[in-house]
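Here is a short report on a predicted model. Please have the sequence and the 3D view open as you read.

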2 protein chains.
Amino acid sequence: MQGSSHNVVEKDDRDLRTLILDRASRLLVEDGYSGISMRKIAQAIGYSATTIYHQFGSKDGLFHALVEEGMDRLARYLDQAKGDGLAALCRAYVNFGLENREYYEIMFLVTPDSVDRYPIHKYRRARRNLDLFAEAVADVLGAPSTDLQYVRSEATTVWAALHGIVALIVAGRIDRGIGEEQFVVGSIRRIVGAYSSGALA
Amino acid sequence: MQGSSHNVVEKDDRDLRTLILDRASRLLVEDGYSGISMRKIAQAIGYSATTIYHQFGSKDGLFHALVEEGMDRLARYLDQAKGDGLAALCRAYVNFGLENREYYEIMFLVTPDSVDRYPIHKYRRARRNLDLFAEAVADVLGAPSTDLQYVRSEATTVWAALHGIVALIVAGRIDRGIGEEQFVVGSIRRIVGAYSSGALA
DNA sequence: CATCCGTACTTAACACTGTTAAGTTCATGT
DNA sequence: ACATGAACTTAACAGTGTTAAGTACGGATG
């Protein structure tokens, strides 16, 4: 049924595509995810909403593209902290989340009902980001890089903890009596501590 | 402007109110948050949508009531594990999240754009739940119950880690190669470990 | 009895959303 | 000159939260 979209990406389409993405990104940052709509984006670029559909197929399509861009941004944060140890990597992750709240929202907070059929290949970026944590965790644990599954699981645990931190802060659910910076620093210290001091063999 | 709602809660209104809440809860569990709408709920109980507005003021009003109910459910889970140590409390939290995904979604995952002006008094329940963690953390740390602010902050760190676990699992973002149960158990062990083995004085 | 009044509820609309069928416009190739 | 197809638009559908206006009824008051 929906096989009508030819997925045409010719030379000139690139321009329109990036124009849409740029404006959408702008509006996303300004108004948050729930503040943007296909019509608003369309109006902002001077095209009709249907044009966006011709380019991205659906709002999810545009959504995915923005998520991808967010993953790249995150990767830049993490790459910069690469090699500086687990604590630095954790801090970089949290910094990304707090400094790019709207991107964090669409990347990890919003579930557009179609998260199940996310095109898997688009998650290579996400997995690569996780692998950065796996490396750092393996380092701290005195990695037997044989058991990759185990290291990945532990890296996911670290990621979950960090995600919890960012998610609660971004959602404004942390008690105001608790200083944000102190909370972040203290939490990361706990996370790293759980892996450093010979804990759990 | 919106001061027109008399907030009338007489005898008979209780029935209709709980009728709405029951059906809404049912639909929430069956269809998830995005699957319910005022009109659908109204149709399910044989009233017009406007009637729900007369009872709850807005979708957010109904939403808040459901969140409150969810907080009670969570409290029941946590109370059952009370006194059995931090690990048991953590496990109870995660179990609640995984066994009541739709409630967890509206409680901590969905941000209805008005999370800022949540009526604070409704968060007594939420804070009480957090206090249960504070107690358990204080126990494990060899509590100087003087520094309540510090204990609360550490309890929030634990909560954040647990929230991350549930959030990622519920959102289906954990790599399928990682066993859910093993992941949960391993993560909780790390969390408890971060506080038990004389870590961080 | 008749009138008023407020409660409980409904209908109908507004402005918005994502989405799509059915065009239209227009340059290009034959 | 004609056909093709790509690029783009208009107009609509079905749905959303929300609200103004109105109806029906029951009880109190003149």
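## A buried leucine

B:Leu78 is buried, at a relative accessible area of 0%. Buried means under 20% relative accessible area, exposed over 50% and partly exposed in between, with a 1.4 Å probe and protein chains only. B:Leu78 sits in helix α4 (residues 59–81) of chain B. Helices (H or I, at least four residues) are DSSP runs, numbered from the N terminus. B:Leu78 and B:Ala92 are 14 residues apart in sequence, with C-alpha atoms 5.8 Å apart in space.

This is a predicted model, in which local features need pLDDT of at least 70 and side-chain atom pairs count only at pLDDT 80 or more, while totals for chains, interfaces and linings use all residues; side-chain values use heavy atoms, without hydrogens and water. Residues are numbered from 1 along each chain as its sequence is written, with chains lettered from A and ligands numbered from 1 in the order in which they are written.

## The DNA strands

A residue is near a strand if one of its heavy atoms lies within 4 Å of it. DNA strand D is surrounded by 16 residues, and the closest are A:Thr51, B:Ser37, B:Arg39, B:Tyr53 and B:Lys59. Sugar or phosphate holds 46% of the atoms of DNA strand D within 4 Å of the protein; the rest belong to bases. At least two residues of this surface come from each of α1 (13–31) and α3 (49–56) of chain A and α2 (38–45) and α3 (49–56) of chain B.

DNA strand C also has 16 residues around it, the closest being A:Ser37, A:Arg39, A:Tyr53, A:Lys59 and B:Thr51. For DNA strand C, sugar and phosphate make up 48% of the atoms within 4 Å of the protein. The surface near DNA strand C divides into 4 nonpolar, 7 polar and 5 charged residues. Here Ala, Val, Leu, Ile, Met, Phe, Trp, Tyr, Cys and Pro count as nonpolar, Asp, Glu, Lys and Arg as charged, and the others, Gly among them, as polar.

The table gives some polar contacts, pairs of N or O atoms within 3.5 Å.

| Residue and atom | DNA atom | Distance |
|---|---|---|
| B:Ser37, polar side-chain atom | strand D, phosphate oxygen | 2.7 Å |
| B:Met38, polar backbone atom | strand D, phosphate oxygen | 3.0 Å |
| B:Tyr53, side-chain N or O atom | strand D, phosphate oxygen | 2.9 Å |
| A:Arg39, side-chain N or O atom | strand C, base nitrogen | 2.7 Å |
| A:Lys59, polar backbone atom | strand C, phosphate oxygen | 2.8 Å |
| B:Ser48, polar side-chain atom | strand C, phosphate oxygen | 2.8 Å |

## Aromatic pairs

Over all chains there are 15 aromatic pairs. Rings of Phe, Tyr and Trp (its six-membered ring) pair if their centres lie within 6.5 Å; planes under 30 degrees apart count as stacked, over 60 as edge-to-face and the rest as tilted. A:Phe108 and A:Trp159 pair edge-to-face, at 5.8 Å centre to centre and 70° between the planes. A:Phe108 lies in helix α6 (residues 101–109) of chain A and A:Trp159 in helix α8 of chain A, so the pair ties together parts 51 residues apart in sequence. Both A:Phe108 and A:Trp159 are buried.

In chain B, B:Tyr93 and B:Tyr104 form an edge-to-face pair, 5.9 Å centre to centre with 85° between the planes. B:Tyr93 and B:Tyr104 are buried.

Methods. Polar contact = N/O pair within 3.5 Å; in protein donor to acceptor, adjacent residues only side chain to side chain.
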